[in-house]
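These are my notebook entries on nonpolar cores and aromatic contacts. The structure I consulted is shown here.

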Amino acid sequence: MPEIHAGEPSLPRRWRDLKQIMLTSAIPFPGDHAGAVDDALAKLVPELRSGGAIRNVLREQGIHFMTITVVRGDAGENTHLVFEINADADADADGDNEAEVIQRVARLLDPWLKPLFETAGIPPLPSIQTLLSRHGIHTHLGLFGVAGIEFRGTPQMSVTRIRSEATFARGVRDYFDAHPIGNEPPLSTLHRVRAYIEAQPALKPLLVADPLPSEKAPEEPWSLPMLIGRAVLAFLWPILLLFAVLLVVAAVTTFYAAGITVGILALLVGILLAALALAAVTLWLYGALRALEKGNEPDDSLPDPSVLAEIIQHENWSAQNHLAGISVMQAGRLRILTLRLAFWIIGQMVAHTYRPGFLGELSTIHFARWVLLPGTNKLLFFSNYGGSWESYLEDFITRASAGLTAAWSNTRGFPRTRNLFMDGATDGDRFKRWARRQQQPTRFWYSAYPGLTTARIRANAKIRHDLISASTQEEAATWLTLLGSRARDDHFLETTDIQALLFGGLSRHPHAACLALNLPDDPERARAWLRTALPHITFGDQPPARQVVVLGLAAGGLTKLGLPAETRAAFPIAYTMGMAHPARTNILSDTGDDKPQDWLWGTQERAVDAALLVYADSQPTLEAAVEALSRDIIAENGRVAHRVTLDPLPERKAGESGINVAREPFGFVDGVSQPIIRGTRRWMRQTDAIHHIEPGEFLLGYPDGRGFFPPSPSIAAAADPGGLLPRMRPIAASDDKDKAAARDFGRNGTFLVIRQLEQDVETFNGFVADAARACEKHPAVPAAITEQAQRQDWIAAKMVGRWKNGTSLVRYPYGPGKTEDDRDHPPDNEFLYGAEDPGGERCPFGSHIRRANPRDSKLPQSADEIAITNRHRILRVGRRFSPAGSGDATATKPGLLFMCLNADIERQFEFIQQTWAMAWQFHGLENEADPLIGRGVEEDGKPRKLARLTIPSPRGPLHLTNIRDFVRVRGGGYFFVPGQRSLHYLSTLEETERG
């Protein structure tokens, strides 16, 4: 627990006016006094713990940490009393900050330091301040000066701020202990807590906005060549300077002796020779380092038991620990050079790569420093860290082993290393044993906040900051998670705000219907209908067992609900145009019998404003839900423009658990190949990485496959006074205030594509039968396929790319996949076309599923190619219907209500349709379109060409020609499926306008 005393927090100065400084002072004294000094330091331990005199003196003085350690010298060397001080200093002071901190420490600790110096036999000086200053050590990252490096784990955080925010967070937790969270909006809870804090005299001063310490990595460009170039300039500049002088002298001499042309030539030759010489020097140094590394003998001896016992005695009395390590350098100047190089590289990484306060991903260190004690061969390491020694070393080994290896590989007995940064500390058990041998007991150790880890310090700062700054329901809900949790990262799905359809096809609800709606023209009545419908709409990944309702809004629906024009204008152009717009029909090849003029619904003349998808566990439940929802829309002067009743999903038979048994009208198992969205339950269960897709490819408000947040429609902050909508994520730090405060209307929403497809099963089966008879003796047909029925299944599978049971042609080229007991094998989806079937001899390039998801067809086994393909994936959630359920009284053919979800209609659904499915030159083919859904095209008024499919084989291709149109579009549209907060916002627009 952090120490919290009455009267805290006190705010003598603004926190931003303070800066952290780190001081090291090493005072030499005779080695024969070392034991007595250790004893004297041990006697001070009680004064450093809670209630001790030294602790009480230091606690309000801006000292983060302070230690005093005895560093024994070798024969003929001095022993040193090493002071390590981490303190706050005035950032705006004109004077010497270090001198002010030293003066502060000397004044406060004078009663204890004077006797300590007398015990050490240190000659008296005018003052303790003078003694500490005179022996101060300043480290440098470079070729000269004292080799060392300093690290701060909580930069920008003063002692006062850290302690005060701990008090603040404790006050918040105390409030919730006495006033449990009720069933109220998160923002209301947050306002209650603010009111409580304002009523506490000790806490109210903290309700002042302060910047949250940054945890973002530096944005300065950095690369390995840049690092190498900087290293050469930093450490080989004397050689470069010598070469430069010699080159200038040689060039000038040659110029006067032989003229300018020869002089320039000599200069160029000299530069080349200098570069070669520099490379030779570098290689020589590297060879010398490798020789030293190969000759290094690790020391596997155990630490002294008596020393280890005392070390452990001083550990684990709080949430923090301190480590004082004293290592002996290996002999030779090269080791000093490589130590400097290691420190310099670590410094570059901290400055240009790591997040502030982090060493790589290691985040438990409060303060740390390495310093090569001047005049000795002792490398000192001091670290104040959170957690146990064992966890600290494990973190180092796992997360920052390269840095540890580089720093300590230059010392005696360290585990064997390679190339300065490799191996070494990764030999975990040997490294821990070595580390314990270097460690000294930390007898004198002061911590201003021993009960706080760096993680708790950051969490406390965020609790305070977000309580002050939160202004939306989402921000308030996120703030509540900080109490016992932590803020969600960008990839973590806000599941309860997302409509249930995204999480799966709702197979446990086998009965379903689609209602296409016309909303009332009166916005007030349209919003009244939405308020009535909202309780029935289902959100989250655990839908109720009986009924699920999903709502999608067309662009016209948003208009009728009164969404401001500027927000509607921010929606993608494909969505606002609608599927029936001439520009979209051209992209989708909706021509001939598929042209929108002949659709049953969704045309410009038969436009719809919304789509309700209703799913139920039984037909009676479905009919009751449809009746109630229809009654609600009619009551507000709207209507159901069209209804499609979907066929019930077949019951799963015993032993078919996990097998998709739903089939589309042509008889093929449907919905086999689906993307796996990161963050969903399916992603947690399945490990097939080729189908893992970032959530931003399907949901607005999340990062996409390239790490960017796609554009999302926004609302001005003033138009959302209730804070229902989340803030927009800033695109850049330079975003102006209004832009940064805007609300994200699109977050957790997705776009739904619906196409009512009529399938001519009779014509399809007839074509397949004719093709099977025609190719009876064709050499492309496998010899094992001898019967007409087998050839028909083979032809149909080649057109689709799978057998009817869902198994792939790639893995099962000669017949449907079967188990050993002759049952259907589960559909497979882990294959790669390019790696396993690069020539298309198993699954033709032009087949339906290879067009819909080419995977690595273009560049076999290319991760980049798979990533590009995955940018165009869609989540299919369609179901079949019978003629009676089509909504067309004259219908005689069944069909598929094709439905898919995507974040970008143009890049995903329309791209697949235009660039892959309908493209006549897909993958280098000629005059071919998707054999299942492809349509011919008219050219210069001539009759349209019929589709065709080439089936490659080792014995020559088989051409299927005159492929008819088996699929006809009868209606459809583009719909936005909003998140729960966005729907609530739409339903309360009238109140917002009044406000």
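I paired rings of Phe, Tyr and Trp (its six-membered ring) if their centres lay within 6.5 Å, and I called planes under 30 degrees apart stacked, over 60 edge-to-face and the rest tilted. The model is predicted, so I note that local features need pLDDT of at least 70 and side-chain atom pairs pLDDT 80 or more, while totals for chains, interfaces and linings use all residues. Residues are numbered from 1 along each chain as its sequence is written, and side-chain values use heavy atoms, without hydrogens and water.

Aromatic pairs. I found 33 by this rule. Y175 and F176 pair edge-to-face, at 5.6 Å centre to centre and 70° between the planes. Y175 is buried (under 20% relative accessible area, 1.4 Å probe, protein chains only), at 6%. I also looked up F767 and F966, whose centres are 5.8 Å apart with planes at 55°, so the pair is tilted. F767 is buried at 12% relative accessible area, and F966 at 1%. I then traced a cluster linked by ring pairs: F343, W370, F381, W408, F414, F431 and W434.

Nonpolar cores. I defined a core as buried Ala, Val, Leu, Ile, Met, Phe, Trp, Tyr and Cys residues joined through side-chain atoms within 4.5 Å. The largest has 97 residues, and I795, M799, L960 and L986 have the most contacts inside it. A second, separate core of 50 residues includes M66, F83, I122 and A461. For L986 I listed contacts (heavy atoms within 4.5 Å); leaving aside neighbours within four places in sequence, they include R527, L530 and F745.
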